[in-house]
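Here are a few exercises to work through with the model open in your viewer. Try each one yourself before you read the solution.

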Amino acid sequence: MKKQGFTLIELMVVIVIMGILAAVAVPKLFGMIAKSKASEVGPAAGTYVKLQDAYVSEKGTSVGSWKQIGYLMKNTNNFYYCGAATCAEGTNTDGYGGQADITTDSFTAGLWTAHNIATLNDCAAGDNWALTTSANSTTGGTVLYTATVSNTGTTLCEPLTPSFTKLQTAAANANP
């Protein structure tokens, strides 16, 4: 008699192997998706830093608002950006961080924040990445940056953007 097909044991072994692979691969996949979504924060902050440096070099020691430095960053599907420590999701409608008019700018000049809209792995929705900027007149118009990643409770946002805190300028390193 000719046997065709697989035995029940062979099928069960294949299912167990597929289950093990899925248990290992799925968390890695979600981690990579969260990192890819958070990867937009670094270039957006880097552009802000470059424009702020150029503005301070040109003007002397004053730090400018988003509109003054010409920084335009519209909200995306993953993050909303603004020029304040706390802002609502719909605040940045013009791309200038909610700073509609330079003369009546209610936001702090030299502040950049990115708030995630959705939960990214262990990083809760509404957490933010922030750059606080100040000009240092003692170093000839050098801009000092303080980069922070706020974590609500026990959530971990910093591992998603490990290079973000490298945008920070140490006060000791700012003096030539």
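**Exercise 1. Work out whether L160 is buried or exposed, and find what surrounds it.**

Step 1. This is a predicted model, so everything below is computed from its atoms. L160 has a relative accessible area of 10%. The cut-off for buried is under 20%, so L160 counts as buried.

Step 2. Now place L160 in the fold: it sits in the loop between β4 and α4 (171-174).

Step 3. List the contacts, skipping neighbours within four places in sequence. L160 touches A34, K35, A38, L120 and C123.

Step 4. Check the distance to S39. The two are 121 residues apart in sequence, yet their C-alpha atoms are 7.7 Å apart in space.

**Exercise 2. A38 is one of the contacts of L160; describe the surroundings of A38 in the same way.**

Step 1. A38 belongs to helix α1. Its relative accessibility is 0%, so A38 is buried.

Step 2. Beyond four places in sequence, A38 is in contact with F79, L120, L160 and T161. L120 also turns up among the contacts of L160.

Step 3. For T161, look at the backbone: 123 residues along the chain separate it from A38, while the C-alpha atoms are 6.6 Å apart.

Step 4. Put that in the context of the whole chain. Of the contacts between residues at least 6 apart in sequence, 56% join residues at least 24 apart.

**Exercise 3. E40 is a buried charged residue; find out what its side chain pairs with.**

Step 1. Locate E40: it lies in the loop between α1 (8-38) and α2 (41-59).

Step 2. Look for a salt bridge. The nearest side chain of opposite charge is K37, at 9.3 Å. The cut-off is 4 Å, so E40 has no salt bridge despite being buried.

Step 3. Look for polar contacts instead. The E40 side chain makes one with the side chain of Y81 at 2.7 Å, and another with the side chain of N78 at 3.4 Å.

Step 4. Complete the neighbourhood. Leaving out residues within four places in sequence, E40 is in contact with T76, N78, F79 and Y81.

**Exercise 4. Which way do the residues of β1 and β2 point, and how are the two strands joined?**

Step 1. Start with the general pattern. In a regular strand, side chains alternate between the two faces of the sheet.

Step 2. Apply that to β1: F79 and Y81 point one way, Y80 and C82 the other, and all are buried.

Step 3. Do likewise for β2. L111, T113 and H115 go one way, W112, A114 and N116 the other way, and again all are buried. With 6 of its 6 residues buried, β2 (residues 111-116) is largely enclosed by the rest of the structure.

Step 4. Join them up. β1 (residues 79-82) and β2 run antiparallel and share 4 bridges. F79 has N116 as its bridge partner, and Y80 stands opposite H115.

**Exercise 5. Identify the residues that touch the most other members of the largest nonpolar core, then follow F164 outwards.**

Step 1. This core has 29 residues, and those touching the most other members are Y71, F79, Y81, W112, W129, L131 and F164.

Step 2. See where the core comes from. α1, α2, α3 (66-69), β1, β2, β3 (128-136) and β4 (142-149) each supply at least two residues. The largest share, 7 residues, is from α2.

Step 3. Take F164. Beyond four places in sequence, its contacts are V41, A45, W112, W129, A130, L131, A147, T148 and V149.

Step 4. Pick T148 from that list. T148 lies in strand β4 and is partly exposed, with a relative accessible area of 39%. Apart from neighbours within four places, T148 is in contact with N128, W129, A130 and F164.

**Exercise 6. N121 has an unusual feature for you to check: what is its phi?**

Step 1. Read off the angle: phi is positive, about 55°, although N121 is not a glycine.

Step 2. Find the location. N121 is in the loop between β2 and β3.

Step 3. Check the accessibility: the value for N121 is 40%, so it counts as partly exposed.

Terms used. Residues are numbered from 1 along each chain as its sequence is written. This is a predicted model: local features need pLDDT of at least 70, side-chain atom pairs count only at pLDDT 80 or more; totals for chains, interfaces and linings use all residues. Side-chain values use heavy atoms; hydrogens and water are left out. Buried means under 20% relative accessible area, exposed over 50%, partly exposed in between (1.4 Å probe, protein chains only). Lys and Arg count as positive and Asp and Glu as negative; His and the chain ends are not counted. A polar contact is a pair of N or O atoms within 3.5 Å; within protein, one must be able to donate a hydrogen and the other to accept it, and residues adjacent in sequence count only if both atoms are side-chain atoms. Contact means heavy atoms within 4.5 Å. Two strands pair if DSSP finds at least two bridges between them. A nonpolar core is a set of buried Ala, Val, Leu, Ile, Met, Phe, Trp, Tyr and Cys residues joined through side-chain atoms within 4.5 Å.
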